[in-house]
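Grab the model and work through these exercises with the viewer open. Each task comes with a solution you can follow step by step.

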Amino acid sequence: MARRRAALSTLAIHGDAEAKSVGEPVAAPICQSSTFVAPFGPSDDVLYTRHGNNPNQLRIAERLARLEGAEAAIFVASGMGATALAHLAVLRPGDHLLSADWIYGGTRRLFTEEFRHLGIDTSFVNPDKRREWRTKLRRDTRAIFVESPTNPLMRVLDVEWLALLAKEEGIPLLVDSTFASPMNFRPLEHGADVVIHSGTKYLNGHSDVIAGAVAGGEAFVLEVREKMKVWGQALDPHAAWLIERGLKTLAVRIARHNETGLAVSRWLEEQPKVRRVHYPGLASHTDYELATRVLEGFGGMVGVELAGGGRAVERFLRALRLITHAPSLGGVESLVSEPRYTSHSGLTPDERAAAGIPDGFLRLSLGLEDADDLMADLARGLAAA
Ligand SMILES: Cc1ncc(COP(=O)(O)O)c(C=O)c1O
């Protein structure tokens, strides 16, 4: 009989469940060991934690591969590490990278500063101008990179269309799917070749680990692993253990983030001191139709423009009691940050406004607190704004 495919919530807890033996621990122990007893003579794969073959590292890699529907996956030391290694696995000096313009600031710096020094040139495309994807393609373009949903406008990109373009060109499409998590969107099911995550965010979900992950084909992940070894990007076993614990509740956490995200966004849209709310689950969002078609949930990330602009922000932030002013996202606790001082600090006010992020823009990462309590906190902030 064909083995029934388990649902994502079950896979997130068990992976490929095997019957357990008597006395076996239900929660996996932490193998907090840098090295392992080795056989005499030559061996193919030395067990060594920097090599990514520590049992804790392997458990979560297999778990993520199952969740993303990938042949293989690997966790590394940070989301930035994952983005860097994924690209280094497919790009060489002299190659050209085509990237969406709407990406995390750290990723942009990696491309424009570090990759440039390595002889890898990057062109940025405004995804609203679909024709640009073709006009900026070059003979030496070797990969396409996008983020979806994007930070902080929550734009949703047409991954299927981009995957067709990449296939036509015979190059891989890499998608940073951090904001969605595999519960809301699985890029490989839409034709992408590689999925990248900042595991720091939803995969772990508790704001206590820095990690990254890459999922894709077996040969590609093997190449990432080779890069990880020599660039020293392995994840610590304790961090891997915490991520395994986080993954077990990913399905229920994301379901709650989705519920709260929608409820709070709808409420925010009604508030007179709010100029605009950016949430893909709102009919007012530019990508609402696409988001409804491709996302299984709209997530817990919300962009909010205060009517009072930049001057209202500090009054708003000071009045909050529950929602914490801190960068990062995807944890159980709600956070708020200002893109003008974080992800978009490298741009002038005019450039930010042109990018749709005026002063007075706040990015909310709605956590797992009660939605009414969150709205009460936001009402406190808005009253002061
Ligand atoms: C979409 C996205 N990708 C990658 C990263 C980098 O992740 P990390 O901080 O784990 O290195 C971030 C961090 O905020 C992010 O938001």
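**Exercise 1: the ligand site**

Find what holds an oxygen atom of the ligand on the side-chain side, then work outwards to the other polar contacts and the cover.

*Solution.* Start at K201: in this predicted model, an N or O atom of the K201 side chain sits 2.7 Å from a ligand oxygen atom. Next, go to G79, where a polar backbone atom is 2.9 Å from an oxygen atom of the ligand. Then pick a nitrogen atom of the ligand: a polar side-chain atom of D176 lies 2.7 Å away from it. Now look at the cover: on its own the ligand has 390 Å² of accessible area, and the protein covers 90% of that.

**Exercise 2: the shell**

Which residues surround the ligand, and how do they divide into nonpolar, polar and charged?

*Solution.* List them: the ligand is surrounded by S78, G79, M80, Y104, E147, D176, T178, F179, S198, T200, K201 and A211. Sort them next, and you get four nonpolar, five polar and three charged residues.

**Exercise 3: the cores**

Which residues have the most contacts inside the largest nonpolar core?

*Solution.* The largest nonpolar core has 52 residues, and W133 and L173 have the most contacts inside it. Helix α3 (residues 79-90) brings the largest share of this core, with six residues. Zoom in on W133: leaving out residues up to four places away in sequence, its contacts include L98, V125, I144, F145, W161 and L165. Last, look for a core apart from this one: it has 32 residues, among them L8, L64, L203 and M301.

Terms used. Residues numbered from 1 in each chain as written. Predicted model: local features only at pLDDT ≥ 70, side-chain atom pairs only at ≥ 80, totals over all residues. Heavy atoms only, no water. Near = heavy atom within 4 Å. Polar contact = N/O pair within 3.5 Å; in protein donor to acceptor, adjacent residues only side chain to side chain. Areas by Shrake-Rupley, 256 points an atom, 1.4 Å probe, with all protein chains shown as cover. Nonpolar A, V, L, I, M, F, W, Y, C, P; charged D, E, K, R; others polar. Core = buried A, V, L, I, M, F, W, Y, C linked by side-chain atoms within 4.5 Å. Buried < 20%, exposed > 50% of the residue type's maximum accessible area, 1.4 Å probe, protein only. Helix = DSSP H or I, 4+ residues; strand = E, 2+ residues; numbered from the N terminus. Contact = heavy atoms within 4.5 Å.
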